Amino acid sequence: MARYIGKRLIYMVITLALIATFTFFLMKILPGSPIASADKLSPEQRAVVEEAYGLNDPLPIQYFNYMFGLVQGDLGISINQFKGAPVTDLILSRMGPSAQIGFQGMLIGTVIGILLGMIAALRQNTWVDYSSTLVAIIGISIPSFVFASLLQYWFGLKLEWFPVALWKDGFMSSVLPSIALAMFPLATAARFIRTEMIEVLGSDYITLAKAKGASGSEIAFKHAFRNALIPLITVLGPMTVGILTGSLVVEQIFAIPGIGEQFVKSIMVNDFAIIMGTTIFFSVFLIVVILIVDILYGIIDPRIRLSGGKSS
Amino acid sequence: MKNSKLFWLLGLVLVLSAFLAACGGGGETTTEPSETDGNTEKTDEKASGDLDSVQELNLMETAEIPTMDSALAEDAVAFNIMNNVNEGLYRLNQENIAEPAMAESEPEISEDGLTYTFKLRDANWSDGTPVTAQDFVFSWQRAVDPATGSPYGPYMMAGTIKNAAAIAEGKMDKAELGVEAKDEKTLVVTLERPVPYFMSLMAFGTFLPQKEAFVTEKGKAYASNSDNLLYNGPFVLTNWDGTGLTWSMEKNPEYWDAETVKLDKVNVDVVKEAGTGLNLYDSGEKDRAGLSGEYAMQHADNPEAVRELEPTVFYLKFNQERNGEKTPLANENIRKAISLAYNKQDLVDVVLANGSLPADFLVPTEFSFDEEKKDFREVNGKMNEFNAEEAKKYWETGLKELGVTEVTLEMLGGDTELSKKMDEYLKSQLEGNLEGLTIELKAVPFAVRLELDEKQDYDIQNSGWGPDYQDPMTFLDLFVTGSAQNKMSYSNPEFDKLIEQAKGELALDPAARWEAMAKAEKILIEEDATISGIFQRSVMSLQKPYVHDIVVHPFGGDYSYKWAYISGKE
């Protein structure tokens, strides 16, 4: 296992370097200038600003400088959104709220989704199954911003159970956005677990287990659920990254100081350092989660070998 | 099977009803809306004058603060906060007239109008040290220094303050700037030319003072958060971490006119979603909420609605040369036809619906006044009003001159919902009224639009401009030959001459200067149809009736809270 993880870590560094390189050059072909007020700057002023940010260096030099800084943990400074603010500080300060609502959203979504999916599979073609399917379809087809608006209006404004918006009331501020974010993973988990469990429940070894007198809960949890988890984890891995790293619309609707909205805005205004910093940060997140998912495969089903060695 | 259908239907009805309920919030009131005349808002029907015991105002902004360094600031949010936490030589008062602030009284002006001597009042920074003339010298020199990279410093000073242009180009040392501290309380400013609107410039954020010792001591950390700043205005900024979505402004006990300031605290949160802002307003958490698009229409009759006419004008720029070749818009008749062929009144009534005005002009209404307080608009009136018949005649003449029967033009605009809606309206109007015209819409983000403008890579551009000082020149100057904003190959020596005269030899003759500027605007819009005014923007907000005397300004910082107070909330 240790050897496998070590090898994967080397691959991760290579992947990260490739992503940083690719993003750097893609970013440079973006139209528009990072100097937002270009219309008011004289050519001389523009040259000074470009010099200060190293924007007039030849591209290879800019690339080298950036990668050199990156190796030292320096993600650069914001050019126009927060003039001179270090991008590392910005990401660290914005990551907390995004991660909190993302984590809570994933937790609520997967736990309830798995339960719904299991119940639906065990009560196939009954009203319980249909209700669960309906919830799954609603969760997948209605965008999170609609849920966010509805939750805000009913549970924030009308019932006054939770804050309408703003990140000021600790855990209470995180409840509605987490629920809004939970809807998609909830629906996805419910669908996957239901489908997989129905398939597993119809298989020969389950019939055998029944014949041997295994109880209903034993069949459901020990056999069916465990087998149904593998495809679910495959899907939930990348989804976790998406949700933990911030949801643009949900953060915006609840006025949460998160990273998602900041990332989109940095692209719109060509704030190079923020684009690079957040992309690299998201990438690290994604490749770490992919590694965790791979490790989880082995834990859930020991027949899956991680190192690619011969199975015994 | 029957059961499953029933569930489907029930589910659908539930979702739809909840969604519609959420969308239809608010807007239940029906009485006449209150209006503003561009300065103090008329919402004081309950203004008994008895102040509530809690003097806290809760507001929202739509964006974060990019910087609080007055030399680097360039956006509305920063200028607005600076206007409330700092003070320059002058400040716009409740009537939007620039009045002495850090300056003790009106300056002594030399006969040639080139030297201004300001005496500073006894005023302190928030750390208790006195504000000195040297603080202005340091700040202005820093703003014009090319090494600072200030977007507004050279722009505001070049051609106005002596030697600013040469310093900005790196040809002269910043110590040569025409500003000098004769002693601790005497500041002498030397101009390149007489500037009739100089006092209004002194109320602009770029000209705020900075204390050298503090700026130097803080180094890169200067202005990076509320602790790394000094304040000499009515409030001090607190709880701002440099990148966050929340901050406050608290009454500054060191402010020289602290007695006038009634508010103890202004709490601000950044809320980017208009719907969220409205919900926070309805829940009572916020005292004021901006309305746009659909929300403005829904709340048009709300008694808490306030309308503010801004001096920002949107217009079509007609590019006469693209990629080294003349465009059809190089033809004067084609330009005139397009400028007459769309109904601006319908655009502001139906598409914008927020109180904006049709703009048959460039210099906005209720913005600049002559010595007898006569609006510049009254002098020049309206030009190129909508006239479909006249437009057709010009169009046919233009087509004949070009020897074509069809013309296709690309219209460049913003990528916001409102911009797209507006451009679609313009397309339908222009194509409907001018046979043979095809308009291709191109919607791009602002940064891209700036780049395309810079390269002159467009045919027609839907553009806008807000003033930097209170004078028609801030608009007219944009279109002289070679100006950074004149990226459409427009050049008219007569126009250039009038602007030059208004800036130079007529500077000390207000009546003749006013006339020259009026003539220049007529050439630009009526004779040459270089641009076509579309609308003058108005913004709509909801404001709680217990909020009084927030002052709205036409340029620089948008609002002053110095005179605001809460009465009738408790």
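This is a short talk on a two-chain model, chain A and chain B, and how the two meet.

Okay, hi everyone. Before anything else, please keep in mind that this is a predicted model.

Let's start with chain A. An unreviewed UniProt entry lists "transmembrane region" for residues 9-30, 101-122, 134-155, 175-193, 229-254 and 274-300 of this chain. So what do a couple of those spans look like in the model? Residues 9-30 of chain A are 91% helix and 0% strand, and their end C-alpha atoms sit 31 Å apart. Residues 175-193 of chain A come out at 100% helix, again with 0% strand, and there the end C-alpha atoms are 25 Å apart.

While we're on chain A, have a look at helix H4, which covers residues 87-122. Val111(A) is in that helix, and Val111(A) also belongs to a nonpolar surface patch of about 540 Å². The other members of the patch are Phe103(A), Leu107(A), Ile112(A), Leu115(A) and Ile119(A). Is Val111(A) buried or exposed? Somewhere in between: its relative accessible area is 45%, so we call it partly exposed.

Right, over to chain B. Here the unreviewed UniProt entry gives "domain: Solute-binding protein family" for residues 99-486. In the model that span is 30% helix and 21% strand, and its end C-alpha atoms lie 33 Å apart.

Now, how do the two chains meet? Chain A puts 47 residues into the contact and chain B puts in 53. Together they bury about 4200 Å², and 65% of that is on carbon and sulfur atoms. There's charge at this interface too, with 5 salt bridges running across it. One salt bridge between the chains joins Arg94(A) to Glu64(B), with the closest N and O atoms 3.0 Å apart. Those two residues are also part of a network of salt bridges that takes in Glu261(A), Lys265(A) and Lys272(B).

Over all chains, the salt bridge count is 33. Let me show you three inside chain B.

First up, Lys174(B) and Asp145(B), whose closest N and O atoms are 3.5 Å apart. Which parts of the chain does this pair link? Lys174(B) is in the loop between helix H5 (164-168) and strand S6 (179-183), while Asp145(B) is in the loop between helix H3 (133-144) and helix H4 (153-157), 29 residues apart. Lys174(B) is partly exposed at 33% relative accessibility, whereas Asp145(B) counts as buried at 17%.

Next, Asp257(B) with Lys562(B), at 3.0 Å between the closest N and O atoms. Asp257(B) sits in the loop between strands S9 (246-251) and S10 (265-270), and Lys562(B) in the loop between strands S22 (559-560) and S23 (565-566), so this salt bridge ties together parts of chain B that are 305 residues apart in sequence. Both ends are tucked away, by the way: Asp257(B) is buried with a relative accessible area of 16%, and Lys562(B) is buried at 3%.

Last one: Lys455(B) and Glu451(B), which meet at 3.4 Å, N to O. Here Lys455(B) is exposed, with a relative accessible area of 54%, and Glu451(B) is partly exposed at 23%.

If you open the model afterwards, Arg94(A) and Glu64(B) are a good place to begin, as that salt bridge joins the two chains. Thanks, everyone!

Definitions and conventions:
Residues numbered from 1 in each chain as written. Chains lettered and ligands numbered in written order. Predicted model: local features only at pLDDT ≥ 70, side-chain atom pairs only at ≥ 80, totals over all residues. Heavy atoms only, no water. UniProt positions renumbered as here; feature names shortened; annotations may be inferred. Helix = DSSP H or I, 4+ residues; strand = E, 2+ residues; numbered from the N terminus. Patch = residues over 30% accessible without salt bridge, like charges linked within 9 Å, V, L, I, M, F, W, Y side chains within 5 Å. Areas by Shrake-Rupley, 256 points an atom, 1.4 Å probe, with all protein chains shown as cover. Salt bridge = Lys/Arg side-chain N within 4 Å of Asp/Glu carboxyl O. Buried < 20%, exposed > 50% of the residue type's maximum accessible area, 1.4 Å probe, protein only. Contact = heavy atoms within 4.5 Å. Buried area = accessible area lost by both parts, 1.4 Å probe.
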